[in-house]
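Trainee: I would like to learn how to read charged side chains in a model. Please show me the structure and start with a simple pair.

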Amino acid sequence: MKLTNIKDIFKNKISIDSLIKINGWVKNKRISKSNLIFIDLYDGSFINTLQIVSNNKLLNYYTEIIKLTTGCSISVKGKLIKSFKDKEKLELHVLELNVLGWVKNPNFYPISSKKHTMEHLRKFSHLRSRTNIIGAISRIRSVVFQGFHNYFYKNGYYWVPSPIITSINSEGAGEMFSVLNENFKENNIDKNNNFFGKKVFLTVSGQLTIESYACSISKVYTFGPIFRAENSNTTRHLSEFWMLEVELAFLNLNKIIHVIEKILKYVISLVLKNNYEDLLFLKKNINENIIFRLKKFVSSKIKKINYVDAVKILKENYNFNDNSIFFGMDLNSDHEKFLVDKYFKAPLIILNYPKELKPFYMRINDDNKTVSNLDILFPGVGEIIGGSQREERIKYLEKRILELKLNKKHYKWYRDLRNYGTVPHSGFGLGLERLIMYITGIKNIKDVIPFPRTIKNADF
Ligand code: 4AD
Ligand code: MG
């Protein structure tokens with residue numbers, strides 16, 4: 001008997017009247033007046049459950065089937081038929097049902113079939129993927145990750161893994177987690193715990209290392225976990241998150257915008273095609289608007305404005321008397337929300353920020369005040385992408401390193417890239433979890449990563 005999954009059944013890959021085997025978990029169970037037991041079975045391959053029908057002639061009907069509760073795992077053999085009641089629906093008529101695992105204490109099962117809050121589910125990160133909502137997010141997340149790799153493979157990019165343990169701060173500033181070898185210290189080999197002979201940290205970005213590869217194999221990306229010890233307990237910050245970073249030689253900022261649009265549209269179209277039923281579930285339960293806005297995103301161009309105009313819009317429309325709105329201010333999350341949720345009501349690219357607000361590696365514009373950079377803000381989420389043209393001119397780069405009081409020696413190798421055959425190049429970094437928030441409509445970043453790491457929280 002062929003082992004199949006629920007997705008293949010709903011996608012009409014299994015013919016009616018076939019004898020099949022299916023493994024999964026009980027979502028719900030009810031008994032009819034005629035003693036038929038109906039089980040909604042899920043196996044994680046698809047958002048919908050498959051109805052399993054058992055009659056009381058089955059050998060273990062009274063000893064086992066009748067006792068099944070939400071969460072029990074079972075293996076079923078049976079015949080796939082069209083439901084008598086509703087010819088559109090499929091169901092499996094059981095020939096044999098084996099219980100693989102019982103739920104101990106069903107009354108205390110944390111993922112019972114009633115609706116749970118996201119806060120409740122967060123306490124059970126090891127079980128919450130059994131719910132429809134986390135199941136849908138997980139399937140979408142996987143398609144997005146795979147989609148990026150597919151896009152890059154098809155379009156001639158090379159995947160360059162950047163190191164996770166590093167001795168530099170790629171962003172020039174910001175809190176990092178240090179890496180220590182506890183054993184090394186105990187054995188008193190080195191009192192300073194200097195396993196690597198210097199202080200090392202978990203990476204905050206792979207950008208600088210992939211720049212060296214962009215300056216040799218031209219089209220590259222890195223895709224991995226990023227660690228930031230920021231003291232920001234918000235709904236959009238994690239201490240460990242995933243970042244996609246792309247770096248392209250011989251490209252200026254304008255061209256990179258074009259590349260970003262193509263990549264995002266490819267991945268979002270893929271989700272619309274592959275995860276439509278998951279999106280329908282999220283539309284019904286989380287945000288009415290999500291499918292409409294994803295379709296709109298795929299068919300429109302992202303709006304662009306300069307930082308200086310963003311400030312003007314805020315001054316004129318957000319709060320005219322607010323003296324904290326001026327050229328040189330950093331946009332906080334309320335400003336970002338106003339611009340994308342209220343004013344433009346669409347994703348927005350903001351270009352050319354004052355150099356003081358941005359890291360040392362961004363290319364200085366001719367005005368000597370702003371840098372050639374972009375931040376891309378999305379409704380409901382805020383910044384999802386940050387990128388720039390990189391400063392390829394050694395003179396300007398060294399000036400910025402000096403102005404920002406960074407240790408020139410630490411960046412010797414990075415300066416080498418400018419001293420040996422420098423080229424114009426640009427790149428960007430995309431926060432994966434923030435993109436998943438936009439796609440799914442989920443409001444808290446802790447719900448779009450399986451085991452979130454945040455301040456005072458590193459369970460599991
Ligand atoms: O804007 P960021 O800091 O840019 C960089 O690190 C560049 N080196 C990227 C590059 O040009 N290669 O971070 C990029 C993105 C942000 O736009 C945001 O989406 C995400 O990473 N991000 C976070 N996501 C979750 N939690 C955090 N604490 C994040 N910090 C940044
Ligand atoms: Mg940024």
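Mentor: This is a predicted model. Side chains of opposite charge can pair when their charged atoms come close. Here, D8 and K13 form a salt bridge through their side chains, at 3.9 Å from N to O.

Trainee: Is each partner buried, partly exposed or exposed, and what is the relative accessible area of D8 and of K13?

Mentor: D8 has a relative accessible area of 23%, so D8 is partly exposed. K13 is exposed, because its value is 62%.

Trainee: How many salt bridges does the structure hold?

Mentor: The structure holds 20 salt bridges. One of them joins R128 to D447, with the closest N and O atoms 3.3 Å apart. This pair links distant parts of the chain, 319 residues apart: R128 is in the loop between helix 2 (118-122) and helix 3 (132-154), and D447 is in the segment after helix 13 (432-440).

Trainee: Are R128 and D447 buried or exposed?

Mentor: The cut-off for buried is under 20% relative accessible area. R128 is at 2%, so R128 counts as buried. D447 is at 4% and therefore counts as buried. R128 and D447 also belong to a network of salt bridges that includes R122.

Trainee: Which parts of the chain does the pair of R390 and E247 link?

Mentor: The side chains of R390 and E247 form a salt bridge of 2.9 Å, N to O. R390 is in the loop between strand 15 (382-389) and helix 11 (394-403), while E247 is in strand 11 (residues 240-249), 143 residues apart. R390 is buried at 2% relative accessibility, and E247 is buried at 1%.

Trainee: What is the nearest side chain of opposite charge to K355, and how far away is it?

Mentor: That side chain is E403, 4.0 Å away; K355 is buried yet has no salt bridge. K355 is in the loop between strand 13 (348-351) and strand 14 (373-378). A polar atom of the K355 side chain lies 3.4 Å from the backbone oxygen of N368. Leaving out residues up to four places away in sequence, K355 touches several residues, among them I364, R400 and E403.

Trainee: Now a surface without charge. Which residues make the nonpolar surface patch?

Mentor: I164, I165, F195 and F196 make a nonpolar surface patch of about 360 Å². F195 is in the loop between helix 4 (182-186) and strand 9 (201-202). With a relative accessible area of 45%, F195 is partly exposed.

Trainee: How much of the whole chain is buried?

Mentor: Of the 460 residues in the protein chain, 51% are buried. The chain has 13 helices and 16 strands.

Terms used: Residues numbered from 1 in each chain as written. Chains lettered and ligands numbered in written order. Predicted model: local features only at pLDDT ≥ 70, side-chain atom pairs only at ≥ 80, totals over all residues. Heavy atoms only, no water. Helix = DSSP H or I, 4+ residues; strand = E, 2+ residues; numbered from the N terminus. Buried < 20%, exposed > 50% of the residue type's maximum accessible area, 1.4 Å probe, protein only. Lys, Arg positive; Asp, Glu negative; His and termini not counted. Polar contact = N/O pair within 3.5 Å; in protein donor to acceptor, adjacent residues only side chain to side chain. Contact = heavy atoms within 4.5 Å. Patch = residues over 30% accessible without salt bridge, like charges linked within 9 Å, V, L, I, M, F, W, Y side chains within 5 Å. Areas by Shrake-Rupley, 256 points an atom, 1.4 Å probe, with all protein chains shown as cover.
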